[in-house]
Amino acid sequence: MSGLTGARQVVLVTSRYKDKDNIIALAWHMRTSFEPELYAISVGKTRFSCGMIEKSKCFCVNFMPASLKKEIVHCGSCSGRTHDKFAETKLQKEECEKINCPRIKKALAYAECSVFKEVDTGDHFIFIGKVLKSKVLKKGKR
């Protein structure tokens, strides 16, 4: 995943709890350790995805191409409580291999994460995920 992460890059984070899949756009994310490989995301407590990740204990970070800006903006503009973002954006799902969660087929790269630690930071939770599988799928402008 080297070279695909950055402080300003928005990623799409996918989650699943029971029979509901969701996507959230996040700007606050970063690698936090090489050994063990850890990746952190910061999610507002009022966000639908926060509860899903808290309950399921997993998430997938999807590094998206810039060509999907419209879809990325949509995923950050409405709530998964009332919207099926996969259907509305037509982003196709693939099943993660190591966690019970979807990932996005058109992602440039992904990181499948199992929640290693949760940190309460006020109005957000930082979910630190142990990366169980990551892969660069294709090169592209992010």
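The exercises below work through a predicted model of a protein, each with a solution in steps.

**Exercise 1.** Find which residues have pLDDT under 50, and decide how they should be read.

*Solution.* Begin with the whole protein, whose mean pLDDT is 92, with 92% of the residues reaching 70 or more. Then look along the chain, where pLDDT stays under 50 over residues 1-7, although the model has 20 contacts beyond four places in sequence for this stretch. Where pLDDT is low, the predicted coordinates should not be read in detail.

**Exercise 2.** Work out the order of the strands in the sheet, and say which strands stand at the edges.

*Solution.* Seven strands make up an open sheet, and following the antiparallel pairing gives the order E2-E1-E5-E8-E9-E4-E3. Strand E2 (20-26) and strand E3 (29-33) each have a single partner strand, so one side of each is left without a neighbour in the sheet. From one strand to the next, the twist averages 35°.

**Exercise 3.** Describe how E1 and E2 are joined, and determine whether E2 is largely enclosed or left open.

*Solution.* First, count the bridges: E1 and E2 pair in the antiparallel sense over seven of them. Next, place one pair, in which Tyr 17 has Lys 20 of E2 as its bridge partner. The hairpin has two residues between the strands, and Lys 18 takes a positive phi near 55° there. Finally, five of the seven residues of E2 are buried, so E2 is largely enclosed by the rest of the structure.

**Exercise 4.** Identify the strands that helix H1 lies across.

*Solution.* Helix H1 (residues 48-56) lies across E1, E2, E4, E5, E8 and E9, and runs at about 55° to E1.

How values were computed
Residues numbered from 1 in each chain as written. Predicted model: local features only at pLDDT ≥ 70, side-chain atom pairs only at ≥ 80, totals over all residues. Heavy atoms only, no water. pLDDT = per-residue confidence, 0-100. Contact = heavy atoms within 4.5 Å. Pairing = 2+ DSSP bridges. Helix = DSSP H or I, 4+ residues; strand = E, 2+ residues; numbered from the N terminus. Axes fitted to C-alpha atoms, helices over the stretch in contact; angles between N-to-C directions. Buried < 20%, exposed > 50% of the residue type's maximum accessible area, 1.4 Å probe, protein only.
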